[in-house]
Amino acid sequence: MKRRQEIGAIAFARGFQQRAYSQEDLWFPNFRYCCDANEKVSLRDFPAKEKVLWETFAGVDLSSDRRPGTVIYLLSVRPDRKFVPRVIRAGKWTAPETIAQMEEVDQVHRPRIWRVENNAYQQSLIDISQSLGEGGLKLPDGRVVNVSFASRLLAFTTGAQKADPMRGLPAMDVEFANVGWAIPMRDREGHPEACSCGFCRWLREMERYPHLTDDTVMACYFAWDTALTYSKYLQAPVVQERRELSREEPEPEGILERMFR
Ligand SMILES: [Zn+2]
């Protein structure tokens, strides 16, 4: 520990923990405040009453030439204005498979709006979905799926707003500082350290952003931005004053590792 003080925390993180980042580099240092081990609602077993009362919005980060994974992220807004992750699915799907996954999730959770990133390549999925309307889509394996969400599907054009302090990823961290999200950590019970399920991937990618992959972060961001735009519960301004982290905060070892030790 003495040696650690001498060389400073950042050098310690880089040199001794084999980690090329520190607390100062992280975009979501306040994420931990929303990871609640006592949150009653579980993503696995969502109560029927809440299903009706809570508003749900969906973001989809599609694969591209540069990145093979697609992520579907459903985010709910509770009447107390807290955000709660609802469904996080990740997979390497073709366009028809992605539409089938979206339809399956839609049947259960009925998000008010689906928002899909639309770069030129990705516009095709939006076109396919909307041209099919309420009709069916034939999958390569012969199955036919309905596309009942087509009329609720909107494009999300990514650009400068991702870094916008009032509406981009930095604004999400302000919400974390204000404990504006309720993340049910009991859902992680029994999952292995390097679990590849959507929820665990999202926790890891948020905690370490921008140092790992960001598929779940982007899908989450699309869902969150959509909720800010369309939620009845969020009429008043959401972004508040940023709370400074205390100097007494522990070292930036993994939030999740610490939580489940
Ligand atoms: Zn998991």
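**Notebook: a sheet, its helices and one loop lysine**

I began with a single pair in the sheet, and found that W114 stands opposite L153 in β8. I keep in mind throughout that this is a predicted model.

**Entry 1, strand β5.** I looked up what surrounds W114's strand, and noted that β5 and strand β8, which covers residues 153–156, pair in the parallel sense over four bridges. Further along, E117 stands opposite F156 in β8. Turning to the other neighbour, I found that strand β2 (residues 55–61) is joined to β5 by four bridges and that these two run parallel, with F57 standing opposite I113 in β5. I then asked how many of the five residues of β5 (residues 113–117) are buried. Four of them are, and I therefore recorded the strand as mostly covered, a residue being counted as buried when 20 or more other C-beta atoms lie within 10 Å of its own.

**Entry 2, the sheet.** I next followed the pairing outwards and wrote down an open sheet of five strands in the order β4-β3-β2-β5-β8, in which the pairing is mixed. Its edge strands are β4 (83–91) and β8, each of which pairs on one side only. From one strand to the next, the twist averages 20 degrees. I also checked which helix α8 touches in the sheet, and found that α8 packs on it with contacts to β2, β3 (70–77), β4, β5 and β8, while its direction makes about 140 degrees with that of β2.

**Entry 3, helix α6.** I went on to α6 (residues 169–177), which is mostly covered, with seven of its nine residues buried. The buried ones are L169, A171, M172, D173, E175, F176 and A177, and I saw that the buried residues of this helix pack against α8 (215–230). After α6 comes V179, whose phi is positive, near 50 degrees.

**Entry 4, K40.** I placed K40 in the loop between β1 (35–36) and α3 (48–53). Is K40 buried or exposed? K40 is exposed because there are 9 other C-beta atoms within 10 Å, and the cut-off for exposed is 12 or fewer. I also compared its place in sequence and in space: K40 and M185 are 145 residues apart in sequence, yet 9.6 Å apart from C-alpha to C-alpha.

**Entry 5, the whole chain.** Finally I stepped back to the chain, which has nine helices and nine strands, and in which buried residues make up 35% of the 261 residues. Among contacts with a separation of 6 or more, 68% are between residues 24 or more positions apart.

How values were computed
Residues numbered from 1 in each chain as written. Predicted model: local features only at pLDDT ≥ 70, side-chain atom pairs only at ≥ 80, totals over all residues. Contact = placed C-beta atoms within 7 Å. Pairing = 2+ DSSP bridges. Axes fitted to C-alpha atoms, helices over the stretch in contact; angles between N-to-C directions.
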